[in-house]
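Student: I would like to learn how to read a few features of a protein model. Where should I start?
Tutor: Start with the display, then ask about one element at a time.

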Amino acid sequence: MIIKNALVYTPDHTFVPGDLAIRDGRIAADTTPQPGEEVIDAGGLYALPGLLDIHFHGAVGHDFCDGTEEAIQALADFEASKGMLAICPATMTYSEEILNGVMDAAAAHKNGRGADLVGINMEGPFISPDKIGAQNPKYLHKADVDMFRRLQERAGGLIKLVDMAPEEDGALDFIARCRGEVRISIAHTCTSYETAKKAFAAGASHMTHLYNAMPGITHREPGPIIAALEDHAEVELITDGVHIHPAMVRFTFNTFGADRVVLIADSMMACGLPDGQYSLGGQAVTVKGPRATLTEHPGVIAGSATCLYDCMRRAVLDMGVPLESAVRAASENPARSIGVESDYGSLAAGRYGNVILADRELNIQKVIQKGQVIAG
């Protein structure tokens, strides 16, 4: 396939008028048309790399923690249709027995259709009871290296992120022992600045949904956010218009830098469906517009009802984030953060031919996966 006359997002994070060639499923360096190749005229359209969501729970009535092939395939199909061509869905705080089923289902999935399942984000159960958010306190567990390794074995090595509260018992030891096996993220935490610094020194390098379920910044208690800034951690950001004020979104890009922000959806099963009653982590959730909250505790946000592409689009159109920065934060940065950047997150030669063609208002016109048009 040749995609001609596009505004191509380059590995230098700029847009350049040009062509893309996809051969044998990957971006080719030589864009000279070959006999019999399909040609797509993308005049006036952006060519963006396929996105990668490293933190979402569900969509279209399914949750990753359903632990079934049906759920994984439904998520893969939906995500791909919206431009997320690789996924690293997140678990919830559950018992090891329940998580075993999730890991087994993920390990058995074959990536035959839809977004490629490239990892698992283990959000819980190693988190703080005092910043539980929409997680289920019934299944909280102290950081447990052996438990993680058993789950990782069942998952066939798919767990790419483990989220934890560093102030809880065993957490710092877990980080020091597992830092070479998995990326460790600070999450759902009451940690102080000092303990967060110890966590980063021990090997943590990531922050889960920055600002949410963690202490804020004050001049006498700078907290984990400032520790993350000083220690050059990657930070996840939910730009659904509910979780974070647009000014704080701009502040984060300007302060942490476009190379360290990872856009995520944190979506739950209502994503892609109408308002109504749903569930997350075994708890009832009410969805109205973009806002999802626990039904019994309506002041608690329960994930989002917005997919990653729409979060990226909203960051650009509604929040003043430069398009180049937002695309980077939804493609290259998440791919790098879980170690799959040699295949995903870029339109550089050798990467998979995963391309989104979008107009100037970022409406998707076509989604191309490994050289095949799958939407639009």
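Student: Which elements do the buried residues of H5 pack against?
Tutor: Keep in mind that this is a predicted model. The buried residues of H5 pack against two helices and two strands: helix H4 (171-178), helix H6 (223-230), strand E13 (183-186) and strand E14 (206-207).

Student: Which residues of H5 are buried?
Tutor: Buried means under 20% relative accessible area. In helix H5, which covers residues 193-202, the buried ones are Tyr 193, Thr 195, Ala 196, Ala 199, Phe 200 and Ala 202. Just after H5 comes Gly 203, with a positive phi of about 140 degrees.

Student: Why is strand E12 described as largely enclosed by the rest of the structure?
Tutor: Count its buried residues. Strand E12 spans residues 159-164, and five of its six residues are buried, so the rest of the structure largely encloses it.

Student: How many bridges join E11 to E12, and do the strands run parallel or antiparallel?
Tutor: Strand E11 (residues 120-123) is joined to E12 by four bridges, and the two run parallel. Take one residue as an example: Asn 121 has Leu 161 in E12 as its bridge partner. On the other pairing, E12 and E13 are also parallel and are joined by four bridges. There, Asp 163 has Ser 185 in E13 as its bridge partner.

Student: Which way does the chain cross from E12 through H4 to E13, right-handed or left-handed?
Tutor: To judge handedness, point the strands away from you and follow the path from the first strand over the helix to the second; clockwise is right-handed. The β-α-β crossover from E12 through H4 to E13 is right-handed. E11, helix H3 (residues 145-154) and E12 also make a right-handed β-α-β unit.

Student: Turning to pockets, what volume does the largest pocket have, and which residues lie nearest its centre?
Tutor: Its volume is about 280 Å³. The lining of the largest pocket has 19 residues, and Gly 133, Ala 134, His 188, His 209 and Ile 301 lie nearest the centre. By class, that lining has eight nonpolar, eight polar and three charged residues.

Student: How do the residues lining the second largest pocket divide by class?
Tutor: They divide into 13 nonpolar, three polar and one charged. The second largest pocket holds about 190 Å³ of space. Of its 17 lining residues, Val 8, Asp 19, Leu 20, Ile 27 and Leu 347 lie nearest the centre. Strands E1 (2-9), E2 (15-23) and E3 (26-28) are the elements that each give two or more residues to this lining. The largest share, six residues, comes from E2.

Conventions:
Residues are numbered from 1 along each chain as its sequence is written. This is a predicted model: local features need pLDDT of at least 70, side-chain atom pairs count only at pLDDT 80 or more; totals for chains, interfaces and linings use all residues. Side-chain values use heavy atoms; hydrogens and water are left out. On a 1 Å grid over the protein atoms alone, a cavity is a set of points where a 1.4 Å probe fits but cannot get out, and a pocket is an open set with protein on both sides within 12 Å along at least five of seven lines; lining residues have an atom within 4 Å of a point. Grid points are joined across faces, edges and corners, and a volume is the space filled by probe spheres set on the points. Ala, Val, Leu, Ile, Met, Phe, Trp, Tyr, Cys and Pro count as nonpolar, Asp, Glu, Lys and Arg as charged, and the others, Gly among them, as polar. Buried means under 20% relative accessible area, exposed over 50%, partly exposed in between (1.4 Å probe, protein chains only). Contact means heavy atoms within 4.5 Å. Two strands pair if DSSP finds at least two bridges between them.
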